[in-house]
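Got your viewer open and a selection box ready? Here is a walk through the model, stop by stop.

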Amino acid sequence: MAIPEDVMVQILLWLPVVSLFRFKCVYKSWYALTTHQNFIQNHFCHNLSTSNNNNMSAHFLVHRRDKATGDYLVSSLSYEPLQALSLTQPLPPLYFGIDRKVDDFVVGSCNGLVCHYDSYDLNIVLWNLATKETKVVPKSTLPRSLAFFHANTKGIGFGFDAKTNDYKIIKLLCFHHPNPNLSSFQIEFIDQSEVYSLRTNSWRKVDSPTCIIFDGFKGTRAYTNGLLLGGDYVGGRVFYRLT
Amino acid sequence: MSSSKSNKIVKLESSDNKTFEVEEAVAVQSETLKNMVDDGCANDTIPLPNVNGKILEMVLGWCKKHVDETVTGDELNKYEADFLDLDQADLYGLLMAANFLNVKGLLDRVLQRVADMIKGKKPEEIRRIFNIKNDFTPEEEEEIRLENAWAFD
């Protein structure tokens, strides 16, 4: 049966991601269509609006470390019913030969994109669970405000900025004087904040909030609607409004 | 002056010259027909040269069921599920008719049904079903398959 293109596009919107990727090679027009940003966006929104009807919109992302192999693994669980939706998969093999003692953290996940961060090489990686694509975020080359101090990443957050239709990562840095005798404070300030935009693939400085991070619990969180939550310090939580 | 609450009858003629008479409330489930009614073009028989009698009867049956207030939610769900149990030729006819007549609920269900039928198929089968000519060279196609090997498992 020969179907007009406008109808064909509508059929493609109802297909799961794995089928779309398989059908990329059907012919050139479909390849161009399914890799176009507008279609991808429409497909995602269509998925959201139709899956809500089936009560499958809530998912948990489970991040854990395999005891035997030391590999980091990720699984997704549906909320209702509580069951594994996808097979457990290892994190992308980006770090070869790295000491197993390295810590890898899931910074957050948003719209099926997972952001994680390793404490060894200080890489931030974005991982699309559905399409298996990964992107290593380029390291920031912004000049640091206190050049001869040691800069530590004290918080990372990840989220989606609906205003600019862009994924963003925010990094909070604070500085320690190289002389360890001078750095023993209970309270530390964030001295520099940087925001990465996926759209421009670059970092920029933003004004740091005047805030003090207190004790909380370790871990960084993902984000909703322009508000980024970050905080990985003795466990502080910092809230940022993104614009 | 609203005539939408009256028992106005809309007359339709299929491509194979079958005529159907339905109440306006049924006909306006189709956005296409609704526009014609609103524009005052529905006083004579409306010809539908791209919908045959069998398919048009099915579409009108769907529309009638969806304005019938005595039908329960469960009954409607069962009706919709049974309705889409069709062979490929009828499904294709229904898809084109639902798209042309713009019957939203029906179009979504048919699109979903077609997507469900094709989602597990191989690219070669897709080309056969939709009469698509492959315009990739064998090397280009192989490269795309390798890039997306995980989708072929």
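What follows goes from the chain contact to the cores and then to single residues.

**Before you click**

This is a predicted model, in which local features need pLDDT of at least 70 and side-chain atom pairs count only at pLDDT 80 or more, while totals for chains, interfaces and linings use all residues. Residues are numbered from 1 along each chain as its sequence is written, chains are lettered from A and ligands numbered from 1 in the order in which they are written, and side-chain values use heavy atoms, with hydrogens and water left out.

**Stop 1: where the chains meet**

Select the residues of each chain in contact with the other (contact means heavy atoms within 4.5 Å). You should pick up 28 residues from chain A and 35 residues from chain B. The two chains bury about 2,900 Å² between them, with 72% of it on carbon and sulfur atoms. Buried area here is the accessible area (1.4 Å probe) that two parts lose on being put together, summed over both.

Now show B:Leu111, B:Phe130 and B:Trp150 as sticks: these supply 20% of the area that chain B buries against chain A, more than any other three residues. Next, colour four helices of chain B, namely H5 (88–101), H6 (104–118), H7 (123–130) and H8 (138–147), each of which supplies at least two residues of the side that touches chain A. Helices (H or I, at least four residues) and strands (E, at least two) are DSSP runs, numbered from the N terminus. H6(B) gives the largest share of that side, seven residues.

Colour that side of chain B by class and you get 18 nonpolar, seven polar and ten charged residues. In this scheme Ala, Val, Leu, Ile, Met, Phe, Trp, Tyr, Cys and Pro count as nonpolar, Asp, Glu, Lys and Arg as charged, and the others, Gly among them, as polar.

How many salt bridges cross the interface of chain B and chain A? The rule finds zero, where a salt bridge is a side-chain nitrogen of Lys or Arg within 4 Å of a carboxyl oxygen of Asp or Glu. There are seven residue pairs in polar contact between the chains, both residues at pLDDT 80 or more. A polar contact is a pair of N or O atoms within 3.5 Å; within protein, one must be able to donate a hydrogen and the other to accept it, and residues adjacent in sequence count only if both atoms are side-chain atoms.

**Stop 2: the cores**

The largest nonpolar core has 52 residues, and the members touching the most others are A:Ile11, A:Trp30, B:Leu12, B:Val59, B:Leu94, B:Leu106 and B:Phe130. A nonpolar core is a set of buried Ala, Val, Leu, Ile, Met, Phe, Trp, Tyr and Cys residues joined through side-chain atoms within 4.5 Å. Buried means under 20% relative accessible area, exposed over 50%, partly exposed in between (1.4 Å probe, protein chains only).

Centre on B:Phe130. Beyond its neighbours within four places in sequence, B:Phe130 is in contact with A:Met1, A:Ala2, A:Ile3, A:Met8, A:Trp30 and B:Ile118. Apart from the largest core lies another, of 15 residues, including A:Cys115, A:Leu126, A:Phe160 and A:Tyr167.

**Stop 3: single residues in chain A**

Pick A:His43, in helix H4 (residues 37–51). A:His43 counts as buried, at 5% relative accessibility. Leaving out residues up to four places away in sequence, A:His43 touches A:Leu12, A:Leu13, A:Leu15, A:Val17 and A:Leu20.

Then go to A:Ser140, in the loop between strand E8 (134–137) and strand E9 (150–161). A:Ser140 is buried too, with a relative accessible area of 14%. Its side chain makes a polar contact of 2.9 Å with the side chain of A:Glu194 and reaches the backbone nitrogen of A:Leu142 at 3.2 Å.

A:Asn201 sits in the loop between strand E11 (192–197) and strand E12 (202–206). Check its phi: about 55°, positive although A:Asn201 is not a glycine.

**Stop 4: over to chain B**

Jump to B:Asn102, in the loop between H5 and H6. Here phi is near 55°, a positive value in a residue other than glycine. B:Asn102 counts as partly exposed, at 32% relative accessibility.

Finish at B:Thr45, in the loop between helix H2 (31–38) and strand E3 (46–47). Draw a C-alpha to C-alpha distance to B:Thr19: the two are 26 residues apart in sequence and 8.3 Å apart in space.
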